[in-house]
Amino acid sequence: MTIEQAVLENLRELPVDKQQEVLDFIQFLKHKLPAKKRRTPPASIAGKGKTLGDIVSP
């Protein structure tokens, strides 16, 4: 049994108010995760690129 299956199985046995607490806790944990960093180009090449042709279709 996977962790996901165990969590779902146990979650289904809880009353609705406790299920809401679990959901709140999950959202709290997600909020604590570090934000994904966007990659940025080095200053020496930033803004120097050019689009050649249509980027949507050839």
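A nonpolar patch on the surface is formed by Phe 25, Phe 28 and Leu 29. Together, these three residues contribute about 300 Å² of accessible area. The description rests on a predicted model. Within the patch, Phe 25 belongs to helix H2, which covers residues 16-32. The relative accessible area of Phe 25 is 49%, a value that places this residue in the partly exposed class because only residues over 50% count as exposed. Admission to a patch requires over 30% relative accessible area, and Phe 25, at 49%, therefore satisfies this condition.

The neighbouring position in the sequence was examined in the same terms. Ile 26 is also a residue of helix H2. With a relative accessible area of 40%, Ile 26 is partly exposed. This assignment follows because the partly exposed class lies between the limits of 20% and 50%.

Helix H2 further contains a pair of oppositely charged side chains, Lys 18 and Glu 21. In general, side chains of opposite charge can pair when their charged atoms come close. Here the side chains of Lys 18 and Glu 21 meet in a salt bridge, with a distance of 3.2 Å from N to O. This distance meets the criterion for a salt bridge, because the nitrogen and the carboxyl oxygen must lie within 4 Å. The two residues are three positions apart in helix H2, so about one helical turn separates them. Lys 18 is partly exposed, at 36% relative accessibility, and Glu 21 is likewise assigned to the partly exposed class, at 46%. One salt bridge is present in the structure.

At the level of the whole chain, the secondary structure consists of two helices, with zero strands. The radius of gyration is 23 Å, whereas a compact globule of 58 residues would have a value near 10 Å. The C-alpha trace spans about 60 × 30 × 25 Å along its principal axes. Buried residues account for 0% of the 58 residues. The accessible surface of the chain amounts to about 6200 Å², and carbon and sulfur atoms supply 60% of this area.

Two C-alpha separations relate helix H2 to other parts of the chain. Phe 25 and Ala 46 are 21 residues apart along the chain, and their C-alpha atoms are separated by 41 Å. For Ile 26 and Ala 6, the separation in sequence is 20 residues and the C-alpha to C-alpha distance is 15 Å.

The distribution of charge was also considered. The chain carries 10 positive and 7 negative charges. The mean positions of these two sets lie 21 Å apart.

Key
Residues numbered from 1 in each chain as written. Predicted model: local features only at pLDDT ≥ 70, side-chain atom pairs only at ≥ 80, totals over all residues. Heavy atoms only, no water. Patch = residues over 30% accessible without salt bridge, like charges linked within 9 Å, V, L, I, M, F, W, Y side chains within 5 Å. Areas by Shrake-Rupley, 256 points an atom, 1.4 Å probe, with all protein chains shown as cover. Helix = DSSP H or I, 4+ residues; strand = E, 2+ residues; numbered from the N terminus. Buried < 20%, exposed > 50% of the residue type's maximum accessible area, 1.4 Å probe, protein only. Rg over C-alpha atoms; globule rule 2.2 N^0.38 Å. Lys, Arg positive; Asp, Glu negative; His and termini not counted. Charge placed at Lys NZ, Arg CZ, Asp CG, Glu CD.
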